[in-house]
Amino acid sequence: MNFNNLTLRLEKKQDYRAVEALTREAFWNHFVPGCDEHYLAHTLREAAAFIPELCYVAEVDGKLAGNIMYAHAHVLLDGGGVLPVLTFGPLSVLPAYQRQGIGRRLVEHTRTLAAEMGHSAIFIYGHPQVYSHMGFEPAERYGIASSENMYHDALQVYVLREGALDAAAGRFIEGDAYAAMDEKDVAAFDSGFPPREKQAGLPSQQHFLESSNRFRPR
Ligand SMILES: CC(C)(COP(=O)(O)OP(=O)(O)OC[C@H]1O[C@@H](n2cnc3c(N)ncnc32)[C@H](O)[C@@H]1OP(=O)(O)O)[C@@H](O)C(=O)NCCC(=O)NCCS
């Protein structure tokens, strides 16, 4: 970590637009040409599942460099019933600050708070290399598949309360807050930001496509 002056704090209303702009910077052309995560950040705050108490920003020398947002989700248990869990995203770090420990700090800080709040576990669809380095494990280890009952390499979990997933085989349901967004709504929202070129065929996009396709029936 090269930052002497890194602070984490709760997101404030005055940060909303800047957080959306930084989310756009972090995700632009990363997974697909352009991105929609800045619109997700915008809509998530209005969702019933959103958890403002875990919505944190990272500042370096007083300037926003990263953020993380959480929502309630659940596991539909094979034996009947549901287990409430958490999920997060967008998690964003400005490109100039990436790979220097800010993402890790945001995840570690908020998951400590989530554990103190009594939550059971945190699920995330993401890059296994990134999240395994932050202590996450494959959800498959607990018999937990996607909503379509597939084991995805990308679906990972961090247990907050010991034993919380010991009898939790089932399907992870992200919930409506993360449902696919209307492309027209995304484009209309994006038009409020400075124009940026969309690029296709980038290695990170290829990698995302390949890793998204790594799933098999449970
Ligand atoms: C993913 C992201 C949030 C990680 O934040 P970061 O500050 O760059 O990551 P950190 O420096 O805290 O790294 C944490 C661990 O993940 C690993 N890691 C980070 N980015 C990685 C990458 N692109 N590929 C492989 N490993 C990666 C690091 O090596 C580190 O592990 P280590 O300490 O054992 O070496 C950030 O790079 C980002 O905003 N990327 C674009 C948007 C995105 O992908 N968001 C997450 C969607 S699920």
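# Exercises on a predicted chain and its ligand

α1 (16–27), β4 (82–93), α3 (102–116) and α4 (128–132) each supply at least two residues of the shell around the ligand. Helices here are DSSP runs of H or I with at least four residues, strands are runs of E with at least two, and both are numbered from the N terminus. The model is predicted: local features need pLDDT of at least 70, side-chain atom pairs count only at pLDDT 80 or more, and totals for chains, interfaces and linings use all residues. Residues are numbered from 1 along each chain as its sequence is written.

**Exercise 1.** Describe the shell around the ligand.

Solution.
- Step 1: the shell has 20 residues, and Gln-98, Gly-103, Arg-104, Gly-126 and His-133 come nearest. A residue is near a molecule if its C-beta atom, placed from the backbone, lies within 6 Å of it.
- Step 2: the element that gives the most is β4, with four residues.
- Step 3: sorted by class, seven residues of the shell are nonpolar, 11 polar and two charged. Nonpolar covers Ala, Val, Leu, Ile, Met, Phe, Trp, Tyr, Cys and Pro; charged covers Asp, Glu, Lys and Arg; the others, Gly among them, are polar.

**Exercise 2.** Find the cis peptide bond and place it in the chain.

Solution.
- Step 1: the bond from Gly-89 to Pro-90 is cis, with omega near 0°.
- Step 2: Pro-90 lies in strand β4, which also gives the most residues to the ligand shell.

**Exercise 3.** Are Arg-99 and Asn-149, which have positive phi, buried or exposed?

Solution.
- Step 1: Arg-99 has phi near 60°, and Asn-149 has phi near 65°; each is a residue other than glycine.
- Step 2: Arg-99 sits in the loop between β4 and α3, whereas Asn-149 sits in the loop between β7 (144–145) and β8 (150–152).
- Step 3: a residue is buried if 20 or more other C-beta atoms, placed from the backbone, lie within 10 Å of its own, exposed if 12 or fewer, and partly exposed in between.
- Step 4: Arg-99 counts as exposed because it has 9 such neighbours. Asn-149 has 11, so Asn-149 counts as exposed.

**Exercise 4.** Compare the radius of gyration of the chain with that of a compact globule.

Solution.
- Step 1: the globule rule is 2.2 Å times the number of residues to the power 0.38, and the radius is taken over C-alpha atoms.
- Step 2: for 218 residues a compact globule would have a radius near 17 Å; the chain has 17 Å, so the two agree.
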